[in-house]
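Here's a quick walk through a two-chain model, one chain at a time and then the contact. Have the structure open while you read.

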Amino acid sequence: MTTRYTATAKALHWTMAILIFGLLALGFYMHDLPLSPEKLQLYSWHKWAGVSAFLLVLVRLAWRVTHRPPPLPATMPVALRLAAHAGHLLLYVLMLAIPLSGWLMSSAKGFQTVWFGVLPIPDLLDKNKEVGDLLQSVHMTLNLVFSLVIAGHIGAALKHHFIDRDDILTRMLPAHAKEK
Amino acid sequence: MKRFVSVLVLAAALPVAAHALEFNQVQADKSSIAFVYKQMNVAVDGKFKRFSSQLSFDPAKPAAARATFDVDLASVDTGAAEGDQEVAGKPWFNTKVFPTAKFVSTGVKPLGGNKYEVTGQLSIKGKTQDVVVPATFTAQGNSGVFDGSFTIRRADFSIGEGQWAKFDIVANDVVIKFRITANASK
């Protein structure tokens, strides 16, 4: 059985990692800015990147379903395996739920999302201030949870590498493919 | 034949008789003034919550019609609280100095059917422009509805100065849409 991720899975993982870090940083930065043309521009970019991330996670899920990821090391205790699977599941759920909440929030606030300023994403909700404010809190809370789970994800990968000294981290690294 | 002609005359006279009403009681709760503009190519709408208007319109004498609107610019609803605050501020409406936008009609021209062309002067932020407003009028009994929209360029009124003066984020064109319901006085 293979112990490596496919090159496609790695590419998707790292593209999304960069995209998600950018989205989180931009999101936390922009919402406190005073209103300005730059702020409106950053919001549009954030929404375009968010739609892109959502589409990428769909591709990634399709890939994952058709390409079994390498198994966890046999040395891992059952509780930790369960935690690892639960953590990954949570990451996928959040990667879907966060862009959806952002999209719905934009609809409810009356600012339609138009991907790269070209492709309009339909508004699923009518303009409604209360619903918009509620979805804003939902989007914010999900992102705080997401940040924590990502921190856990990175912490776990580092623990595998430096403490358990297994290949969990390296098998996701791009360099690994060249070594083979 | 004579009878036929008299029926025709009667039929021709009827609409005039039916329209010999002057619509001049504006129903604020059934009237709205809204706007649509493009933000990075995406249409965004808003509205004004408070305005007052006086109008008189007799479908039989459209040329004699008159309309005046005073829009309380501080009542702007952009869909976001920070937007409302921003737009009331100095670079946009500067509502402290220029609290109202005013429209005064100068003429009404019937275009056939229920279509009319209203010309008038629009004053916002100390600047006055001539505008041409296409409108339709639909009457149901005692109640008449004026619907229409026209496009202004915000730069003509210095709406959005300084960092907002460029049109790459907030477009120059703003579509003003209105629906005014007025009842006829007896």
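Going from the N terminus, the elements of chain A come in the order α-α-α-β-β-α-α, which adds up to 5 helices and 2 strands. Chain B reads quite another way, as α-β-β-β-β-β-β-α-β-β-β-β-β. Keep in mind that this is a predicted model, with an ipTM of 0.79 and a pTM of 0.84.

**Chain A overall**
- Chain A has 180 residues, and 19% of them count as buried.
- Lined up on its principal axes, chain A has C-alpha atoms that fill a box of roughly 55 × 30 × 25 Å.
- If you take the contacts in chain A between residues at least 6 apart in sequence, 68% of them join residues at least 24 apart.

**The α3/α4 pair in chain A**
- Two helices to find here are α3 (residues 78-109) and α4 (residues 129-164) of chain A, whose axes come within 9 Å and cross at roughly 155 degrees.
- Angles over 145 degrees count as roughly antiparallel, so α3(A) is roughly antiparallel to α4(A).
- Where the two helices touch, the residues sort into 17 nonpolar, 9 polar and 1 charged.
- As for handedness, the crossing of α3(A) past α4(A) is left-handed.

**Chain B overall**
- Chain B is built from 2 helices and 11 strands.
- Out of 186 residues in chain B, 26% count as buried.
- For contacts in chain B between residues at least 6 apart in sequence, 55% join residues at least 24 apart.
- On confidence, chain B averages a pLDDT of 90, and 89% of its residues score at least 70.

**Where the chains meet**
- How many residues does each chain bring to the contact? Chain A puts in 13 residues and chain B puts in 14 residues.
- On the chain A side, helix α2 (residues 37-66) gives the most, with 4 residues.
- By class, the side of chain A that touches chain B is made up of 5 nonpolar, 6 polar and 2 charged residues.

**To recap**
- For chain A, look for the left-handed crossing of α3(A) and α4(A), with 17 nonpolar residues in that contact.
- For chain B, look for the 11 strands that go with its 2 helices.
- For the contact between the chains, start from helix α2 of chain A, the element that gives the most to that side.

Methods: Residues numbered from 1 in each chain as written. Chains lettered and ligands numbered in written order. Predicted model: local features only at pLDDT ≥ 70, side-chain atom pairs only at ≥ 80, totals over all residues. Contact = placed C-beta atoms within 7 Å. Nonpolar A, V, L, I, M, F, W, Y, C, P; charged D, E, K, R; others polar. Buried ≥ 20, exposed ≤ 12 C-beta atoms within 10 Å, placed from the backbone. pLDDT = per-residue confidence, 0-100. Axes fitted to C-alpha atoms, helices over the stretch in contact; angles between N-to-C directions. Parallel < 35°, antiparallel > 145°, perpendicular 65-115°, else oblique. Left-handed = near helix turned anticlockwise from the far one by under 90°.
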